[in-house]
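Colleague: Got a minute? I'd like to quiz you on how you name things in this fold.

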Amino acid sequence: MCTHIIYAFGWMKKGKLSSLEANDESVDGKVGLYERMMALKNVNPDLKVLLALGGWTFGTAKFKEM
């Protein structure tokens with residue numbers, strides 16, 4: 001049904017992409033939200049996943065790094 005999903009939000013830490021929220025990542029056997037969302041590609045291999053960077057408090061400085 002969906003062709004594209006925009007996952008919000010990613011973050012930049014020391015010039016590398018990073019998760020923003022603690023529940024984004026898989027930890028201690030608990031599957032995180034990002035991994036669960038990516039698993040949808042098993043159902044629809046043509047699904048495109050886009051990672052949105054930023055958020056309300058992100059600012060512009062980190063975009064200058066990129």
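What follows is a short chat about the sheet and its strands.

Modeller: Sure, but keep in mind that this is a predicted model: local features need pLDDT of at least 70, side-chain atom pairs count only at pLDDT 80 or more, and totals for chains, interfaces and linings use all residues. Residues are numbered from 1 along each chain as its sequence is written, and side-chain values use heavy atoms, with hydrogens and water left out.

Colleague: How do you know that β1 and β2 pair?

Modeller: Strands (DSSP runs of E, at least two residues, numbered from the N terminus) pair if DSSP finds at least two bridges between them. Four bridges join β1, residues 4–13, to β2, so the pair qualifies. These two run antiparallel, with W11 opposite S18 and K13 opposite K16.

Colleague: What makes up the hairpin of β1 and β2?

Modeller: Two residues lie between the strands, and K14 in the turn has a positive phi of about 50°.

Colleague: Why is the pairing in the sheet called mixed?

Modeller: Strands of a sheet pair through backbone hydrogen bonds, either parallel or antiparallel. Here β1 runs antiparallel to β2, while six bridges join β1 to β3 in parallel, with H4 opposite K48. So the open, three-stranded sheet, ordered β2-β1-β3, has mixed pairing.

Colleague: What makes β2 and β3 edge strands?

Modeller: Each pairs on one side only: β2 is 16–19 and β3 is 48–53.
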